[in-house]
Amino acid sequence: NDVEHSNASVASKEVTFTTTTEDSNKPSGVTKRLEFPQKKLYGRAQELDQIQFAYQKILQPPHHHAQALFISGYSGCGKTALAEEAARRIGEQHKHEKTSAPFVIRGRYEPQRTSLPYKGIAEAFAHWFKNLSSRDKRKLSQVHVTLKQAIGDDVNSLANIVPSLRKLILGKEDVAKESNQPGVPDSDQKEVMSKSQLQFAFISLLRCICQSSAEKSIIMYIDDLQNADFDSLELIESLISYQGSNEPPVPKFLFLGSFRANEVPPEHPLAIMVEKLEVHDERPEESTVETLTLADLSKDSVQEFIADTLDQRSKGRRISTLTNAVYERTLGNMFYTKQALDTLFRENILLYDTATCRWNWVLETEEELKKLLPTDMVYSKIMTTPKELRRALTVASYTRSTFDVNTLCVLMNVTDPSAGIQTDETLLPLLELAVADGLLVHAGDDFSQSAASSHDSSNRGSSRSSGRRIRSDGSISLSTREGEPSSSSTASFSLKEFSFAHDRIRETASGLISDQQELDKFRLLIGNALVECAQDDGEAWMFFVGVHHLNLVPKHFFTNDEKKLRMASLNFESADESLTKAAFETAAKFAEKGIAYLPESCWEGPHRDLAYSLHAVAAEAQRLLGNIESMEKYCQNCLGKQQKRPMDEMFGIYYTLAVGLMYGSDRYQEVREIILNLLEAMDFPFPRSPTAAKKAFLAEMISFMWNKSKWHDSLRNADFMTDTKKIKAMQAVRKLGALAYLLGDKATVALTVLRGTMITIKHGVCVHSPTFVAGVGAVTTGLLNDLTLSRSFGDDALFLLDKVNMKASTPPTVWMTYFLGKAWTLPPSACIEPLRKAFHVGLSTDQSDHTSWSAIISSYYCFASGKPLDRLDDDLNKECKRSKSAGLRVQNVVCTVFRRMVLGLTSKDKDVLPVPVLTQAEESTSYLPVFFQNFERSERGYLGEYKLCADHAAKHKDFGLKRMRGSFLNCVDAVISGFFCFIMHG
């Protein structure tokens, strides 16, 4: 049970201090220990009722809306104990009613943000999986089937955060099969997942946990949120606020989060998140988001606790005297109240009289008792322990809350070799003494700490695990290697893990090094040791914590370029790893640190790749955070230093710059030049004018159509593209097509899809291939009026989409296929469901442009089938609310564009809905405002085009096909226009 053992106003599963007192008069062998009462809540009845009331609300039909409660208070006031006791009582209530108890998943964050990104959330899910796999094999099989169906495509997203889930989602056989099967090359797959994609994956996981058993609910408890990284807070916000629609995807979900009030000022990201959730609460009358502020206990509650601890018969005047002395020193803080009683017990002031079977204390007055209670009782307790134990506690406090004896031995030998070599045989007795003193607990005794171990011990890029043993000479023995069986002694030894009984104990132990210079030297030693252990064992937490400590060391400790370059390299690895986990804020901070360590000489010679890579990661992280100015600064700095370097060798910087400027500014001509120059440097030149693009397209299209019978077999039988340079070129070509569309250069749009398809036929399939093939189907329709051929290319595009299995390619491929290709030969009802799927995938991958088109087109099919316009608006509003990132932008855009198009086709009234006002943040992540400008101002704009075609079709009853046959330059617009004529008048 992950009760915060010493920090509790509840004594359920509490620490039992094993210090004993013996009286010469008592019978031989009789020992009395100081034991705190169990399963009793002190002074928290009202708060407990609030949590239970919130839980009851998530069970209320029909929608079972989620609830979130944040528990705020000072360290030691009982936040964790309150949440744990609430979960326990809820479980007992279900047991009494003979109904299914809720899933309770728990996690916590490490102090000083030293842990991995998303550590607390990942720990919670890792613990759930560990519990499930060890208790209920049948249930594990059910969950495996449910998860594989729901989030099989997102397995990599989740496995990056919680590695153990890969085995659950795919199963052992599929994992082995996946590792042996060829697939899309890594260079093609290394697209950073979006925040929305990660959020959808975790939401799907929560939903599957609920759906795996009838009547199940979820209580997620995350402790120490004040230490959570910014990216974790965004994910937590999405888990809570995603419930806003009328059909919540995670029914019966209660989120509990605790944090230290004194460490969360108003400008803290956590405080901002909580305030934002409360302000945007869509059901304020139901209070779906609340904050419980815990004060310290009253004197009456403290007296009740002391009386229960020392036996009910000890009540009376004397218990009041003891209570007054303890309360004046602790002010009702439960953690320090227990420490005070333990101190008196150790000083032989609290004695158990075996003759009367009662507790007594030898001092009568409050003043005498207070003098024996030091101001810092934890510090005093630690200082009474042996010197080597104090050193062990100090070293352990700079690792993580849970530590193993192996790692601690290594770190102690590195940080102070003059103190003598430590081995597990010499260290274990000292740690057991700390357990007896209530400073440590065995990790297996703590519910959450076992989960922390299973999550944080994931290997860095390896499936190998190893156990370190310390020989008597201090050298390290890696006793378990890949393919080597581990002995039973080693397996037993690997379980020797300990946790600090309370964060205050850990903080006090870390503060024993008071001299700043000594602390800097200590951080340098322990940071290097942790990094080396991580590189040896592959344990990710060691690497992140080690780099964190090294970054806190003053730069003058790194005296030469070699040391500076090593620090830059370590920060690059941390930034790159964070980027793959969609932890963009964390990645940006590591990249900034790494760039600061680069010496001036880094841009020349063998280290220029490191300097380039750091700037590329920094620029990409800033782009994904929407900080376009910072992104451009990193790009321009790198390009200025690398002017003589070939352009194609700096694809990452140029591409990041182009994409950032394309979606974050209106410098489209500048972006066009960057992409054209980049393609030319990669031996894929494109015409630089619309006229030249038109001529090139005509010539290549004629050649393409001459051999059209060959292309379908070639597309279906194509292997995966392995040339990284060509994959990058396809990426740039696709972005050039999107930019040409913005600029109204329709010939270049058509040329990009044609050349992208030709590259696929010649060199193989990549994730961009399905979109290009779908685009060729659209161009074929507009240019040749060959609807059968268009459908054939649409089928090829969907086949390739299934082959590459990349979610980011789904929205553009599907909407172009079902709108501009297959739609002509299919009934509308057959197109609605694929477009809705593309809409949801677009939201999960944060593609607001393609998501908008998918929604608009599916709405048109529904409208053509007779669904009222108001109902369609309601559907769009509901669907878009499910994503707080892309959803808000799409909601404004889709509803407005959809109504404009419908009204433009069905009415002569020009006064249609106004253009929605997008915020600066929305404008920086979408080029849709430019769409609106073209929509309004162009003489041959979309609305006028649709009206013209509608009038033409109504007059000549040819569905717009005559116009399509004669429209090469406007082939894309003609297809769209003719299609609308078809569904409106056909």
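Q: How many bridges join strand E4 to strand E5, residues 218-223?
A: This is a predicted model, in which local features need pLDDT of at least 70, side-chain atom pairs count only at pLDDT 80 or more, and totals for chains, interfaces and linings use all residues. Residues are numbered from 1 along each chain as its sequence is written, and side-chain values use heavy atoms, with hydrogens and water left out. Helices (H or I, at least four residues) and strands (E, at least two) are DSSP runs, numbered from the N terminus, and two strands pair if DSSP finds at least two bridges between them. E4 and E5 run parallel, and the number of bridges joining them is six.

Q: Which residue in E5 stands opposite arginine 108?
A: Strand E4 covers 103-108, and E5 covers residues 218-223. Opposite arginine 108, in E5, stands aspartate 223.

Q: What is the order of the strands in the open sheet of five strands?
A: The pairing in this sheet is parallel. Its edge strands, each pairing on one side only, are E4 and E7 (289-294). From one edge to the other, the order is E4-E5-E6-E3-E7.

Q: What angle does the direction of helix H1 make with that of strand E3?
A: Helix H1 (residues 45-58) packs on the sheet and touches E3 (67-73), E5, E6 (253-260) and E7, where contact means heavy atoms within 4.5 Å. Axes are lines fitted to C-alpha atoms, for helices over the stretch in contact, and angles run from 0 to 180 degrees between N-to-C directions. The angle between H1 and E3 is about 165°.

Q: Why is helix H23 described as largely enclosed by the rest of the structure?
A: A residue is buried under 20% relative accessible area, exposed over 50% and partly exposed in between (1.4 Å probe, protein chains only). Among the buried residues of H23 are Trp541, Phe543 and Leu550. H23 is largely enclosed because its buried residues number 12 of the 13.

Q: How far apart are the end C-alpha atoms of helix H23?
A: The expected span of a helix is 1.5 Å times one less than its number of residues. For the 13 residues of H23 (residues 540-552) this gives 18 Å, which agrees with the distance in the model, 19 Å.

Q: Is asparagine 413 buried or exposed?
A: Asparagine 413 is found in helix H17 (residues 405-415), and its side chain reaches the backbone oxygen of cysteine 409 at 3.0 Å. Because its relative accessibility is 9%, asparagine 413 counts as buried.

Terms used
A polar contact is a pair of N or O atoms within 3.5 Å; within protein, one must be able to donate a hydrogen and the other to accept it, and residues adjacent in sequence count only if both atoms are side-chain atoms.
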